[in-house]
Amino acid sequence: MTSVIDPEDLLESTQVQELNGLITTTITAPYSQELERAFYVGSRDIDDNSIFWMYKVDKRSKENNNIVLNGTYVLFDELKAYDIIRDKRPANVSALSGITTILEGSRWQLGSNTSTHLGTANWYYISRLEAFWEYLENWNVEFKPRMTFSQGKITGRYIDIMDKRSADYGKWYEYGDKLLDIKAEQASDSLYTAFVGRGKGEESGNGYGRRLGFNSVTWTIANGKPVDKPLNQDFVEIPSATAQYGYSDGKPRTTVVIFEDIEDPVQLLEQTYEYALEECRPKLQLRADVLETQLSELGETCTIIRDDIGIRYKTRVFKLTRNFLNKNQKTVEFGDEIVQSTAKRNSNTAKVIKKQEDRVIYWLDGLRQELVDSYFNEDGYNYDLTADNEYDLPAGYYSFDRPIDASPTKVIYMGAGKLMIANSKNPDGQWNWTTAINGDGANLSAVNTGLLQAGRIQSAVDGSFWDLDSGLLDLKSGTFTGTNFKLNLGLGEATFKNPTNGNTLLIKQDKFYFDTPTASHYLIPDNEGLAVVPGSGNTGNDRNAGIRLQSTNFNFYDLGFGSDGGFLHRIGSYPDTMALINKDGGSFTFSHTALLDEANVNTRRWDMKIGLYGRFKYGKSALDFNGYDSLTAPKVRVVNPLNGKLAILDTGYLNLGNDTGNVELSSDGTNFNIRHGVNRNWAFKEGLTGAMTYGITTLALNGHENASARLSVLGTGGTSYGYVSASNFDVQSERKYKDDITDFNGALGIISKMNIHQYVKNGVSEIGIITDEAPYQLLSDNNTKISLYDYASLGLRGVQELEQLSWNHEYRIAELEEKIKSLEASK
């Protein structure tokens, strides 16, 4: 220990423990060089002073004037790199024996052990930490580490092993309680209610083959089993879950679950059922803050009540966060661990990879043993034959599987600079040499090997080769064939078949052929891109589609070309079609009907024609464009079946009309007018003051950037002002919009000098003041208008001053009354 920091100098000191997982800390304090140089940090436990926690600092960061240290409990650092386990293979041994094997030679030792579980593992050149994680899983135990500390030194490092940490103290939590924080919740559509259990693969010649099932096991509720599982049924179902989360027709949601190490079908069914109970309900991860007066431990069992789905189930606290600066603050997480830390996800991934590696190694070991057994469990009969031997064989060394006179079936020959092997004879009785090795190379009819190291594999017939160094595969001829595909290397063709509907794709030379049982079409590249040749299926009106797009509701959109031009055609559950047809060089047609007869005016089609006067036509209605560049009066006109029209002329005049009257829109560059009849006219004027006029009434807006914003209502052509009616007027009066704010006094003096008149304005009798007689404090807009806001504020201030004057009078009267009483009393 190099230094001690007073807890009062710390801003944060928290510890996070995960059940059978990591233990970490976060410490925040004002910046100091001591903390920045710290490699280890530690403190005594806030609940048990005999326990000491020490962490290796993994990360340090500076935030403002503070430093933050993140550390991991030293147990995991020391097990990670304090030597390794080279080759230990405990088989069906106790939990005591398993942990002793891991800790042997380390600085940690077993503390207490209450587990009776047995387990098996294969630890070959791995770290103690990897073995420790596997030990916890294989022996199904839990651990609790502790360190002792005395006189500034670590005096003991212990790991306690037990089947299950903590106990059930009867604590329960109800879903929806406001004191609970739902950290994660699983949707019900991802649940399963029936589970096909698969165990360890059955042993075969080269390792494992078909997996174990529980088809042969029968369960009945009548015999005390939790659910019915008939004979030969390969799954176990939770009926109540199917009723709630299954399919609408009563079928369960089914999945497969694999237990690699189970070899007994009865045990497999029991384990699958236990798994099903956990996986058939929605997962819920909860977090709660607890008081120190409440018992809360890592691994503690509690009950979750889900009245919303009618179930109750036991769960455990899998994460505990403690505040070492305030022992009364703790946070527990329990339920289903849906959200996992990165470290735990990586650990789970490593376990899956390790299991897969173990299965591969086991299979290879079995294969090697089988080869060894086949090679060495037979006797060999060896002969060193000379020239002119009685068996009429070439001179050399022979090894047979039987005596040479007992019709041997296998032989190895070595002589004359070659090695030859045969496992059978030809019909004429001569050996069928399938393997020959000499100084030029090896000729083998078959190669069985775990690892083949070669630079190049080449055909002796056509020169095809596979260069393993460069990765080049050069096949001169031949055919690759599968169930639904064929690759002809000689012709350069590839065929793929859809096994469901029989459709095929043929890639041949420079074309892609698409064949169905009733039609054929293909795609070819050319200088302009890809050309689609229509199939033989007719889509109507003598047109064959080149491209067909299918939507999710099984409607089709065909794109192709017919004798009269290109088209886009829609077919499906609705009778109408859509088509784009280039009828000729001067028109373009868009149709939404099966009828394409131009003489039929009721057809739903758009015609676009080209000429001096372009036209866009739909039935009897037309939109005409005069687009000839030499004409001085370009116009657009819309003609409808009621003889109405919409015309836009070069003068900016827009006319909408029919037999009963016109609506005109016009503009002279400054004003914009809308007129219907003689007097019904809207005029929009533009300038420093914009205006909208209807009849004799004008609405004017001052929009100049250097003037005050203003809205005016004018009558009689702008010579008088009109009325404005509203349910309320709100005045913007925030302090931030005002400058030079001072208290206003003397309102009564101003009010007393004001002349209040009664008069008639625009034929209406009013009471008010005249602008040229009004006090300047109430005038606005070049002293031509009265400000109602100032008007009201002046009156309000006058009332305040009057109230103050009245109070002064009352106070003076009270004084005088007291003096009168005093005088009368002295008489």
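**Close-up views of a predicted model**

**Figure 1. Asp392 sits in a strand-to-strand loop.** Asp392 lies in the loop that runs between strand S24 (381–385) and strand S25 (396–400). The model shown here and in the other views is predicted. Asp392 has a relative accessible area of 71%, so it counts as exposed, the cut-off being over 50%. Its backbone has a positive phi, near 55°, although Asp392 is a residue other than glycine. Most residues other than glycine have a negative phi.

**Figure 2. Helix H4 leads to Asn140, a residue with positive phi.** Helix H4 (128–138) comes before the loop that holds Asn140, and S11 comes after that loop. H4 is mostly covered, with 8 of its 11 residues buried. The buried set in H4 starts with Arg128 and Leu129, continues with Ala131, Phe132, Trp133, Glu134 and Tyr135, and ends with Leu136. An α-helix has 3.6 residues a turn, so residues three or four places apart point the same way. Asn140 follows H4. Its phi is positive, about 55°, and Asn140 is not a glycine. Asn140 is exposed because its relative accessibility is 51%, and the cut-off is over 50%.

**Figure 3. Glu297 makes a side-chain contact with Ser166.** Glu297 is located in the loop linking strand S20 (284–290) and strand S21 (301–306). A relative accessible area of 29% makes Glu297 partly exposed. Leaving out residues up to four places away in sequence, Glu297 touches Ser166, Tyr169 and Val317. With Ser166 there is a polar contact between side chains, at 2.6 Å. Arg316 is 19 residues from Glu297 in sequence. The C-alpha atoms of Glu297 and Arg316 are 9.6 Å apart in space.

**Figure 4. Glu260 is a buried loop residue paired with Arg211.** Glu260 is placed in the loop between strand S19 (254–258) and helix H6 (265–279). Its relative accessibility is 18%, so Glu260 counts as buried, the cut-off being under 20%. The side chains of Glu260 and Arg211 are joined by a polar contact of 3.1 Å.

**Figure 5. Ala454 touches Leu468 and Asp469.** Ala454 is in the loop between strand S29 (441–444) and strand S30 (456–458). With a relative accessible area of 33%, Ala454 is partly exposed. Its contacts, not counting residues up to four places away in sequence, are Leu468 and Asp469. Along the chain, Ala454 and Asp469 are 15 residues apart. Their C-alpha atoms are separated by 8.4 Å.

**Figure 6. The second largest cavity has a volume of about 40 Å³.** The model holds 3 cavities of 30 Å³ or more. Rolling a probe the size of a water molecule over the atoms shows where empty space is left. The lining of the second largest cavity is made up of Gln17, Glu18, Asn20, Gly21, Ile23, Phe143, Pro145, Arg165 and Leu298. Strand S1 (12–18) and strand S11 (142–150) are the elements that give two or more residues to this lining. By class, the lining has 4 nonpolar, 3 polar and 2 charged residues.

**Figure 7. The second largest pocket encloses about 1,600 Å³ of space.** The lining of the second largest pocket has 30 residues. Closest to the pocket centre are Tyr721, Gly722, Lys785, Ile786 and Leu788. Strands S56 (710–715), S57 (720–721), S58 (757–761), S59 (764–768) and S61 (785–786) each supply at least two lining residues, as does helix H9 (788–826). S56 gives the largest share, 4 residues. The classes in this lining are 16 nonpolar, 9 polar and 5 charged.

**Figure 8. Two stretches have pLDDT below 50.** The chain averages a pLDDT of 77. A score of at least 70 is reached by 65% of the residues. Over residues 338–342 the pLDDT is below 50. That stretch has 11 contacts in the model beyond near neighbours in sequence. Residues 573–577 also stay under 50. For residues 573–577 the model has 11 contacts beyond four places in sequence. Where pLDDT is low, the predicted coordinates should not be read in detail.

Key. Residues numbered from 1 in each chain as written. Predicted model: local features only at pLDDT ≥ 70, side-chain atom pairs only at ≥ 80, totals over all residues. Heavy atoms only, no water. Buried < 20%, exposed > 50% of the residue type's maximum accessible area, 1.4 Å probe, protein only. Contact = heavy atoms within 4.5 Å. Polar contact = N/O pair within 3.5 Å; in protein donor to acceptor, adjacent residues only side chain to side chain. 1 Å grid on protein atoms, 1.4 Å probe; cavity = no way out; pocket = protein on both sides within 12 Å on 5 of 7 lines; lining within 4 Å. Points joined across faces, edges and corners; volume = space filled by probe spheres on them. Nonpolar A, V, L, I, M, F, W, Y, C, P; charged D, E, K, R; others polar. pLDDT = per-residue confidence, 0-100.
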